[in-house]
Amino acid sequence: MVASLAVLALAAAGCGGKGGSDKPTDGTAKGEPIIIGMDEDSTGPGASYSTIAGKTIRLAVQDINDKGGVLGRPLRLVIENDESDPTKVPAVLQKLHSQGAKALFLQSGSAAVMQAKSTLTQLGLPAIAPTGVTATLVEPPNNELIYMLANTTTDWAQVYCGAFKAANINKIGILTDDTTTIAALNKSLLAGISCVTTVATEKGAANASDLSAQVARLKNANPDAVLVTSVGGAFEVLAQNTLAAQMKGKPRFSLASIGNQPSSWKLANPGALEGLIFMGSINQENPRTKALVDFLRQKNGDNYQVTAYDAQGWDSVQLLKLAIEKAGGPDDPKKLNEAIQSITGYQATFGQGSFTLSFSASKHLGADGACGLSLIEFGADNKPKGPWATFQPPCSN
């Protein structure tokens with residue numbers, strides 16, 4: 001049953017062998033193509049979110065090409081798949097480089113992207129990790145060529161602590177999957193949540209078919225709330241179904257994963273997500289978010305649920321376009337990297353309306369302040385109903 005859920009979830013997200021065959025065309029751009037490489041996990045544990053961002057990255061590239069490209073040249077994607085396996089990353093990046101890539105999108109799990117840093121240094125290629133959230137991805141060593149957009153787990157920890165304090169939560173139980181991506185994320189996130197006591201931590205296999213024993217042990221520990229950390233997909237659905245059944249009424253929190261995977265909402269039991277609070281980045285009051293929603297619904301249908309993965313994928317392409325223009329072309333990697341570092345005050349399509357992204361030689365994390373985050377609550381229909389009324393992170397930029 002769970003295997004079926006995983007297949008359905010990945011299919012709904014548009015999963016394909018090496019990233020799919022729907023590569024953008026050159027559109028109206030007529031110059032020499034600018035090759036951009038994308039390492040996209042389309043079949044591994046990160047596929048449930050990577051393919052969402054990957055699809056929108058393709059659409060953003062196509063939109064640019066349809067409008068004449070960059071400096072009159074079309075962007076052309078070459079795509080490989082590392083399956084979020086750190087051991088496969090060096091070979092994947094080498095292959096993208098051999099295909100002529102001038103810059104890279106690293107759309108994979110955090111552990112895999114971490115492994116990419118040293119290879120980027122060897123290749124001399126700048127890279128953006130569109131949906132990366134682990135702060136160490138852009139910290140030394142070997143961080144000269146890698147960039148991230150969104151608020152990291154360090155900011156997440158502060159927001160969770162604000163939420164726990166506002167809701168009078170002092171003890172938490174943690175339910176986590178066994179992926180390398182989440183192991184890396186937990187290492188940084190959970191260390192920052194010192195505002196509460198962790199009374200129990202339970203782990204399940206990413207392909208688990210039953211989490212009843214883990215949830216029973218969490219229940220016996222009697223936490224004030226449960227935090228689920230997972231890559232999403234079938235594991236998250238199973239976790240929330242089990243928690244809703246065995247710990248009904250207990251406050252539940254989760255990462256961004258579940259909120260950004262609409263295909264998973266449909267697989268949850270009726271009402272199983274009601275009351276679940278997740279870390280979100282989509283704010284419908286942001287005018288750029290509204291414009292992106294309109295664009296993506298024209299492409300994907302009126303019922304398409306736009307996620308932070310879409311917005312971060314879209315912004316990554318726009319940032320790279322801007323950098324290529326600033327550098328006067330893509331062919332000098334040093335100039336291209338310096339051009340990325342010169343971007344300031346970019347108005348993001350996610351976060352609150354005033355949220356911006358800026359980079360420099362010493363700032364490889366784009367987020368300017370906490371305005372990129374919101375806590376979102378699910379309603380009885382298993383869909384996000386809006387900002388959680390109890391607490392919202394302050395905007396400090």
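Helices and strands are here runs in the DSSP assignment, a helix needing at least four residues and a strand at least two. Counted in this way, the protein chain of this predicted model holds 13 helices and 14 strands. Its radius of gyration is 20 Å, close to the 21 Å that the globule rule gives for 397 residues, so the chain is as compact as a globular protein of that length.

The overall extent can be followed along the principal axes, where the C-alpha atoms fill a box of roughly 65 × 45 × 40 Å. Within the chain, 59% of the 397 residues count as buried, and, among contacts with a separation of 6 or more, 72% are made by residues 24 or more positions apart.

Turning to the surface, the protein chain exposes about 15100 Å², of which carbon and sulfur atoms supply 51%. As for charge, there are 33 positive and 34 negative side chains, and the centres of these two sets lie 2 Å apart.

One helix deserves a separate look, namely α2, which covers residues 47-66. With 1.5 Å a residue, its 20 residues should span 28 Å, and because the C-alpha atoms at its ends are 28 Å apart, the expected and modelled spans agree. Buried here means under 20% relative accessible area; 18 of the 20 residues of α2 are buried, and therefore the helix is largely enclosed by the rest of the structure. Just after α2 comes G68, whose phi is positive, at about 105°.

Methods. Residues numbered from 1 in each chain as written. Predicted model: local features only at pLDDT ≥ 70, side-chain atom pairs only at ≥ 80, totals over all residues. Heavy atoms only, no water. Expected span 1.5 Å × (residues − 1). Buried < 20%, exposed > 50% of the residue type's maximum accessible area, 1.4 Å probe, protein only. Rg over C-alpha atoms; globule rule 2.2 N^0.38 Å. Contact = heavy atoms within 4.5 Å. Areas by Shrake-Rupley, 256 points an atom, 1.4 Å probe, with all protein chains shown as cover. Lys, Arg positive; Asp, Glu negative; His and termini not counted. Charge placed at Lys NZ, Arg CZ, Asp CG, Glu CD.
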